[in-house]
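Subject: Structure for your project

Dear colleague,

I am handing over the structure we talked about, with the sequence alongside. Please open it first and then read my notes below.

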Amino acid sequence: MSEPLFLEPVFHEKIWGGDHLRTEFGYDIPSDHTGECWAISAHPHGPATIANGQFKGITLDKLWSTNREQFGDAKGDVFPLLTKILDANDDLSVQVHPDDKYAAEHEHELGKTECWYIISAEPGAELYYGHNAKTREELADWINNGKWDKLFRKVPVKAGEFYYVPSGTIHALGKGIMVLETQQSSDTTYRLYDFDRVDKTTGQKRELHLQQSIDVTNVPHEDPKLNISVETVGDAEVTTFVKAPISKYFSVKKVTLENGKATFQREGLYTLVSVLNGEGTLTVDNHEYTIKKGQHFILPNPVKSWTYAGTLELIVSEPGVE
């Protein structure tokens, strides 16, 4: 029998984290400074565990290594994607991520292209997204001399928006924002600026990575030109935020269902799903599973089609094919 893989997430405490992962999603978080839910993860810094079926109790990284047929015999040493929910109770550090080539040479892991679906945003909330430097020399001057007001671009944000963040993009979530993040499975972050905060555990300011940031930042910054589209599948509205050729790493869609039903066919090698709102059922191979807000699951390669029913808001992603 083909079956979905439901996952038990891993939580990470952060200096900027809060308690919304508990109050909004009902997760059992480690503290009121929990910043990240690693929901679908095979990264060594926090692999999620399969919660059901024949692979129950196995971590996703182990399943990738030992049962690659579940992922369509996909190539690659590591599971390529990582799905998170982030709770920015305060501004994150302003940062940038390397591309695959730089990360492989210097960090021995994948680069990091990511994207955000805005779950919620308090009035007046802003993102740091991109920069104003026209040349790398100007970028280096402004970074090395702390000319942050000149350098950073800020963007007002509201719930329901989508932002694509290619490697080399200066960025940060601002205070009062929750996002569902789809990214390459990488944990490499270069911090440019951290608001001079002191880590209560160490009593020290967190490390900055100014030279690496200068090395990897795209200059000049250009906003990605997304071709967002909306279609109807059964009773569902499906919004495609990003896919190839704009992103070679993943496609990301939102599926919205209002007391309805919709059947989908697998398009990629496997499919990652996060339930952001509502409740309903998932039917796979004539077996019905109850799904609700806060659950995350993978529809592996043996699952060829599936049906959602109920009132649901889902973020769905699939790996890119290079």
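Arg 191 is a good place to begin: with a relative accessible area of 18%, Arg 191 counts as buried, since buried means under 20% relative accessible area, exposed over 50% and partly exposed in between, using a 1.4 Å probe and protein chains only. Please keep in mind that this is a predicted model, in which local features need pLDDT of at least 70 and side-chain atom pairs count only at pLDDT 80 or more, while totals for chains, interfaces and linings use all residues. Residues are numbered from 1 along each chain as its sequence is written, and side-chain values use heavy atoms, with hydrogens and water left out.

Arg 191 lies in strand β13 (residues 190–193), where strands (E, at least two residues) and helices (H or I, at least four) are DSSP runs numbered from the N terminus. An unreviewed UniProt entry lists Arg 191 under "active site", and such annotations may be inferred rather than shown by experiment. The side chain of Arg 191 reaches the backbone oxygen of Glu 207 at 2.9 Å. Leaving aside neighbours within four places in sequence, Arg 191 is in contact (heavy atoms within 4.5 Å) with residues including Ser 93, Gln 95, Arg 206 and His 209.

Arg 191 also appears at the second largest pocket, which has a volume of about 340 Å³; of the 19 residues that line this pocket, the closest to its centre are Lys 14, Gln 95, Asp 187, Thr 189 and Arg 191. A pocket here is an open set of points on a 1 Å grid over the protein atoms alone, with protein on both sides within 12 Å along at least five of seven lines, and lining residues have an atom within 4 Å of a point. The volume is the space filled by probe spheres set on the points. Strands β2 (10–18), β5 (81–88) and β7 (114–121) each give two or more residues to the lining, whose residues divide into four nonpolar, six polar and nine charged (Asp, Glu, Lys and Arg).

Two backbone features deserve a look. The peptide bond from Val 219 to Pro 220 is cis, with omega near -5 degrees, and Pro 220 sits in the loop between α6 (210–216) and β14 (229–233). Asn 286, although not a glycine, has a positive phi of about 65 degrees, and Asn 286 is exposed, with a relative accessible area of 78%.

Best wishes

How values were computed: On a 1 Å grid over the protein atoms alone, a cavity is a set of points where a 1.4 Å probe fits but cannot get out, and a pocket is an open set with protein on both sides within 12 Å along at least five of seven lines; lining residues have an atom within 4 Å of a point. A polar contact is a pair of N or O atoms within 3.5 Å; within protein, one must be able to donate a hydrogen and the other to accept it, and residues adjacent in sequence count only if both atoms are side-chain atoms.
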